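Student: I should like to go through this model and ask, for each label, what justifies it. Could you set the values against the criteria as we proceed?

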Amino acid sequence: MNPGFSSLQAYPFERLRALYSSVEPANKALVNLSIGEPQHPTPSFIQQALVDAIDGTGKYPSTRGSDALRSTIAGWLTQRFELPESAIDPDKQVLPVNGTREALFAIAQTIVDRSKSNAAVVMPNPFYQIYEGAALLAGAEPIYLTANTRYDFDSIAAETWNNCQLVYVCSPGNPSGEIINSDDYRRLFELANKYDFVIVADECYSELYFDETAPPL
């Protein structure tokens with residue numbers, strides 16, 4: 001068995017579910033704000049799109065996803081982040097996954113070289129628990145970076161950066177809501193170039209903002 005299993009923590013949503021299992025809201029409808037799953041019916045146009053595409057689900061898809069899907073994703077990235085035309089190669093730089101948890105876990109297993117002593121993975125604290133689990137099962141030590149208001153990358157010692165192989169960042173952060181500004185990203189890129197680690201940007205909340213004409217970084 002992977003020895004990292006002994007270091008894993010109980011999943012917080014399972015602990016939370018046990019805590020409120022006997023609690024009944026008094027004369028109110030329950031609004032579950034725990035795991036973040038949708039609380040409203042799926043819009044009818046999405047249901048119809050699924051029905052219209054049902055004929056294509058009888059065969060196993062390519063691991064890489066369809067050419068049309070990857071090209072559409074590359075086009076969206078180019079538009080959303082104002083990238084140069086053809087900056088994203090859909091054949092080499094886009095890979096669809098079954099949700100962010102799969103990607104966040106798999107990338108650590110791909111990047112971390114457990115044969116190197118003192119392998120470390122830096123992550124924000126508080127954090128999405130898959131960061132820690134992925135690091136432990138990849139044979140690395142999780143290094144927690146306090147991120148209540150901003151990421152202070154310079155609080156990590158040079159010795160730790162020497163051992164660092166991967167850094168998870170999440171902006172907007174969950175659950176603290178912190179935003180990584182351009183100066184902090186610039187500092188992170190400088191550290192990545194100096195110490196040769198991979199940056200994994202978990203941006204699952206990047207499209208949640210108020211002003212459609214002013215998307216965040």
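**Labels and the values behind them**

Tutor: Glu178 is buried, with a relative accessible area of 4%. This is a predicted model, and Glu178 lies in the loop between β3 (164–170) and α7.

Student: Why is Glu178 called buried?

Tutor: Buried means under 20% relative accessible area. Glu178 has 4%, so the label applies.

Student: What makes the approach of Glu178 to Tyr151 a polar contact?

Tutor: The side chains of Glu178 and Tyr151 come to 3.3 Å. The limit for a pair of N or O atoms is 3.5 Å, so this pair at 3.3 Å qualifies.

Student: Why is the pair Asp154 and Arg187 called a salt bridge?

Tutor: The closest N and O atoms of Asp154 and Arg187 are 2.8 Å apart. The criterion is a distance within 4 Å, so the pair at 2.8 Å counts as a salt bridge. Asp154 is in the loop between β2 (141–146) and α6 (158–163), while Arg187 is in helix α7 (residues 182–195), and the pair links distant parts of the chain, 33 residues apart. Arg187 counts as partly exposed, at 31% relative accessibility.

Student: What makes Asp91 and Arg64 a salt bridge, too?

Tutor: Their closest N and O atoms are 3.8 Å apart, and the limit is 4 Å, so the pair is accepted. Asp91 belongs to the loop between α3 (67–80) and α4 (100–111) and Arg64 to the loop between α2 (44–52) and α3, so the salt bridge ties together parts that are 27 residues apart in sequence.

Student: Why are Asp91 and Arg64 called partly exposed?

Tutor: The label covers values between the buried limit of 20% and the exposed limit of 50%. Asp91 has a relative accessible area of 47% and Arg64 has 38%, so both fall in that range.

Student: How do the salt-bridge partners Asp183 and Arg186 sit in their helix?

Tutor: Both lie in helix α7, three residues apart, about one turn of the helix. An α-helix has 3.6 residues a turn, so residues three or four places apart point the same way. The side chains of Asp183 and Arg186 meet at 2.9 Å, N to O. As for accessibility, Asp183 is at 51%, over the 50% limit, and therefore counts as exposed, whereas Arg186 at 46% is partly exposed.

Student: How many salt bridges does the structure hold, and which residues do shared partners join into one network?

Tutor: The structure holds seven salt bridges. Those that share partners join Arg64, Asp67, Arg70 and Asp91 into one network. Arg70 is one of the buried residues of α3, together with Ala74, Thr78 and Arg80.

Student: How do you know that the span of α3 is close to the expected one?

Tutor: The helix has 14 residues and reaches 20 Å from its first C-alpha to its last, and 20 Å is expected at 1.5 Å a residue.

Student: Why is the pair Tyr131 and Tyr168 called stacked?

Tutor: The search of the whole structure finds eight aromatic pairs. In the pair of Tyr131 and Tyr168 the ring centres are 4.5 Å apart and the planes differ by 10°. Pairing requires centres within 6.5 Å, and stacking requires planes under 30 degrees apart, so both conditions are met. Tyr131 lies in helix α5 (residues 129–137) and Tyr168 in strand β3, so the pair ties together parts that are 37 residues apart in sequence. Both Tyr131 and Tyr168 are buried. Ring pairs also link Tyr128, Tyr131 and Tyr168 into a cluster.

Student: What makes the peptide bonds before Pro126 and Pro172 noteworthy?

Tutor: Most residues other than glycine have a negative phi, and most peptide bonds are trans. The bond from Asn125 to Pro126 is cis, with omega near 10°, and the bond from Ser171 to Pro172 is cis as well, with omega near -5°. Pro126 is in the loop between β1 (120–125) and α5, and Pro172 is in the loop between β3 and α7.

Student: Which values of phi and accessibility belong to Asn27 and Ser86?

Tutor: Asn27 has a positive phi near 55° and lies in the loop between α1 and α2. Ser86, in the loop between α3 and α4, has a positive phi of about 65°. The relative accessible areas are 79% for Asn27 and 66% for Ser86; both values are over 50%, so both residues are called exposed.

Conventions. Residues are numbered from 1 along each chain as its sequence is written. This is a predicted model: local features need pLDDT of at least 70, side-chain atom pairs count only at pLDDT 80 or more; totals for chains, interfaces and linings use all residues. Side-chain values use heavy atoms; hydrogens and water are left out. Helices (H or I, at least four residues) and strands (E, at least two) are DSSP runs, numbered from the N terminus. Buried means under 20% relative accessible area, exposed over 50%, partly exposed in between (1.4 Å probe, protein chains only). The expected span of a helix is 1.5 Å times one less than its number of residues. A polar contact is a pair of N or O atoms within 3.5 Å; within protein, one must be able to donate a hydrogen and the other to accept it, and residues adjacent in sequence count only if both atoms are side-chain atoms. Rings of Phe, Tyr and Trp (its six-membered ring) pair if their centres lie within 6.5 Å; planes under 30 degrees apart count as stacked, over 60 as edge-to-face and the rest as tilted.
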